[in-house]
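Notebook open, structure loaded. I want to see how the parts of this chain sit against each other, then check a few backbone oddities.

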Amino acid sequence: MNEMSPPTAERAAALKGLGSERKRVEDARFTQGKGNYVDDLKLPGMLFGDFVRSPYAHARIKSIDAEAAKALPGVVAVLTAEDLAPLGLHWMPTLAGDKQMVLADGKVLFQGQEVAFVVAEDRYIAADAVELIEVDYEELPVVTDPFKAQADDAPVLREDLDGNMEGAHGPRRHHNHIFTWEQGDKEATDTVIGSADVVAEEMIYYHRTHPCPLETCGCVASMDKVNGKLTVHGTFQAPHAVRTVASLISGIAEHNIRIISPDIGGGFGNKVGVYPGYICSIVASIVTGVPVKWVEDRMDNLMATAFARDYWMQGKIAATKDGKITGLWCHVTADHGAFDACADPTKFPAGFFNICTGSYDIPTAYLAVDGVYTNKAPGGVAYRCSFRVTEAAYFIERMIEVLAIKLGMDAAELRAKNFIKADQFPYRSALGWEYDSGNYQPAWDKALKAVGYDDLRKEQAERVEAFKRGETRKLLGIGLTFFTEIVGAGPVKNCDILGLGMFDSCEIRIHPTGSAIARLGTISQGQGHATTFAQILASETGIPADDITIEEGDTDTAPYGLGTYGSRSTPVAGAATAMAGRKIRAKAQMIAAYLLEVHDDDVEWDVDRFVVKGAPERFKTMKEIAFASYNQAIPGVEPGLEAVSYYDPPNMTYPFGAYICVMEIDADTGEWSIRQFYALDDCGTRINPMIIEGQVHGGVTEALAIAMGQEIAYDEIGNVKTGTLMDFFIPTAWETPHYTTDHTVTPSPHHPIGAKGVGESPNVGGVPAFSNAVHDAFRPFGLVQAHMPHDHWRIWKIAHDLGLHG
Ligand code: PCD
Ligand SMILES: [Cu+]
């Protein structure tokens, strides 16, 4: 150790780099009301937009009378499809290769659909004007059931596609059919299932729900006619993609469009898609020449912006008598609503649902997904599950339980028996993915031990006996889950959105005095990127995290990237950040060697400085090197210290985890309470353990919501029954239990710092853990499968149907 420099460990700790529980730098502003959200933005002369929305789920529009609205003082304009048609903007392309009405063109296809856009001097006048618009509707028959939608005599929903039997993802075989997506080996799977010792078959439904972020979607569009520049501030999870798409749709040159995502109050997938409000605000700003703001209210958000899930998953799982799984078959009926507006990489119309073989070594599998139109809102976003991964995990984790019942085997043991073994990684699954790394058994052992699994099973058996003797009305459920996720889309070779490859980027500038700014193609919505990306750079460059500003979300300054969703920021932009940091260090090495008058190879990196090998007293700190890069003429080296990296990951990352929920259920009221919730996550190298814990708490709470009550429910005529927070379950501190978090670390072999994503895992693992706990409580009484959400009434109904109410 060198006399003149503080010890290595001390200097490393001062950087607050990888692994440090660095406090979130963004929280000072968030907790003091100093955040800057879309609705905080007030531009001079700004107008406000609001929508007339359809009360019907399916109806023809005979006429729209906007005269009274236009006559209201303060109303500036009313837009209908007729006004947008000459511009070719009455329909817009969706992310899934379909098209979607911006404003109702001849008919409406779901309740809450946008029919007309009112622009007024303030938000209240706009709302009043909406009430004055008379729309004459003729009701049409409604289909909300994706199975009935496929009947021969089902009403034709998409008249615009009439006769067009070639869809964006191959041939369509019915007027309400969107696509069929097949993966795996059908014949081999049929053979395995046909000849297996044991086959369990079940329909698993993952109901329709909604991300419902605290801040709803909105934007402020501002067309500067003098400079020809369009600026849109909005709640966008993928600002650069929005810029490119806006340019393609509007014909405005891309350099004349600036998209800015300011602070975002939660995204959860809801803010990936493109909504009519954005297009209407832009058009209205172009027409009026002043900025136009549109911010939806809570009911608009729940009714009309992108839903999540709504997957009917029919499964068959085959095994030998002693529980070795031999095959998996799955057919999904996917209810996509009125337009296919799923936010998935283009080549994956059902996202990464083909991760549905889960954590298990299943040699043969087949999957088919049928997308279907119904009279419901479009969308199909991830909602904390990265492209249908939560549906896939729920499916396999339910099928394992169903198989365990059929085999009469303990479900924990059945899982362990079928795990992909540590020495099988990299592992190629029967449905085509190459899992990068995993070490499941130690994580499972740790989890089972932590909850005292064997004792819990004993307690459960005693409880069942006591229940039968009439001594208690409370049942005990143990919900097991071992999930594997796939996050970090992704390799450009197979992942793109509308042709835009899903790489990501980081650009870093070191200032002369040794502090820095880095900009990325992603955008935080609460995840804490400003905190964690600086930590990556601190470890790579030796500049303290506190001296690094992280900036995201402004397309005029940030390098191109595909945004934040699908837990891709760490696997993709995080990798770009590490690589940019390494470029800085490589240049710094040359500068240091020059300053120290030795050969490049004769200096070595030591936390925050380059040291002459064998002469520890001779070194140059990063701070000194930064200054030198701006004031020394170094032969063969350009002045300045900047780097940019565009990173195309070679593979996705496969985080995994073991979640266990212990739940008490009152058989008479259907009430539940969570006695214990244990979450073990393995996301490879951990950047900030405290942020990870926060991510897990948030994600498990969303999982609790989804599993135990949250739902976008429709009645037979397509009315949304859960369009307000009176009906749509958001857990409060009252319902939210205590969580125990834990971890193992299995680095990703291809990620520069070995990190995998984590933001979505708690939802992917949480939903089956809660749901399996409910099922497990009633398993001793013969329950095999009951659909979510497990609200009190549905749980009561399970008990009732099993004859537990006497
Ligand atoms: N290993 C590791 C990993 C991770 N991390 C951290 O954590 C976080 C997360 O991450 P990720 O996983 O990568 O993710 P991102 O991309 O960033 O994000 C995204 C996610 O995120 C989550 N979380 C959250 N949080 C908040 N607060 N808010 C929000 O909104 C949200 N969202 C959600 C979602 S739904 Mo999607 O969209 O559905 O697809 S997807 C998602 C960040 O900060 C990072 O850095 C760390 O530390 N380490
Ligand atoms: Cu999903």
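Before any distances, a note to self on what I mean by a domain: the bounds come from an automatic or database domain assignment. Also worth writing down now is that this is a predicted model.

**Entry 1: the layout.** I looked up the split of the chain and got domain 1 (8-35 + 504-647), domain 2 (41-140 + 216-264 + 271-304) and domain 3 (307-489 + 652-801). I picked domain 2 and domain 3 for a closer look, and their centres, taken over C-alpha atoms, are 37 Å apart. Their contact draws on 21 residues of domain 2 and 22 residues of domain 3.

**Entry 2: the interface.** How much area is buried between domain 2 and domain 3? I get about 1700 Å², with carbon and sulfur atoms giving 63% of it. On the domain 2 side, F110, Q111 and L302 lose the most area to domain 3, and together they make up 29% of what that side buries.

Next I went through the polar side of this interface. The salt-bridge count between domain 2 and domain 3 came back as zero. Polar contacts are there, though: I find seven residue pairs across the interface, both partners at pLDDT 80 or more.

Which elements give two or more residues to the side of domain 2 that touches domain 3? They are β5 (99-101) and α9 (298-304). Of the elements on that side, α9 gives the most, with five residues. Sorted by class, I have 13 nonpolar, five polar and three charged residues there.

**Entry 3: an annotation.** I checked the record for the stretch near the start of the chain. UniProt, in an unreviewed entry, annotates residues 32-141 as "domain: Aldehyde oxidase/xanthine dehydrogenase a/b hammerhead". In the model, that span is 17% helix and 36% strand, and its end C-alpha atoms lie 51 Å apart.

**Entry 4: salt bridges.** Over the whole structure, my search turns up 56 salt bridges. I followed one of them, D668 with R473, where the closest N and O atoms are 2.7 Å apart. D668 sits in the loop between β33 (656-666) and β34 (672-682), and R473 in the loop between α13 (453-468) and β23 (474-484), so this pair ties together parts 195 residues apart in sequence.

**Entry 5: backbone oddities.** Where does the chain have cis peptide bonds? I noted one from A489 to G490, with omega near -25 degrees. G490 is in the loop between β23 and β24 (496-497). I noted another joining M788 and P789, where omega is about -10 degrees. That puts me in the loop between α18 (761-778) and α19 (792-801), the place of P789.

Last item: L498 is not a glycine, yet has a positive phi of about 50 degrees. I located L498 in the loop between β24 and β25 (500-501).

Conventions
Residues numbered from 1 in each chain as written. Chains lettered and ligands numbered in written order. Predicted model: local features only at pLDDT ≥ 70, side-chain atom pairs only at ≥ 80, totals over all residues. Heavy atoms only, no water. Contact = heavy atoms within 4.5 Å. Buried area = accessible area lost by both parts, 1.4 Å probe. Salt bridge = Lys/Arg side-chain N within 4 Å of Asp/Glu carboxyl O. Polar contact = N/O pair within 3.5 Å; in protein donor to acceptor, adjacent residues only side chain to side chain. Helix = DSSP H or I, 4+ residues; strand = E, 2+ residues; numbered from the N terminus. Nonpolar A, V, L, I, M, F, W, Y, C, P; charged D, E, K, R; others polar. UniProt positions renumbered as here; feature names shortened; annotations may be inferred.
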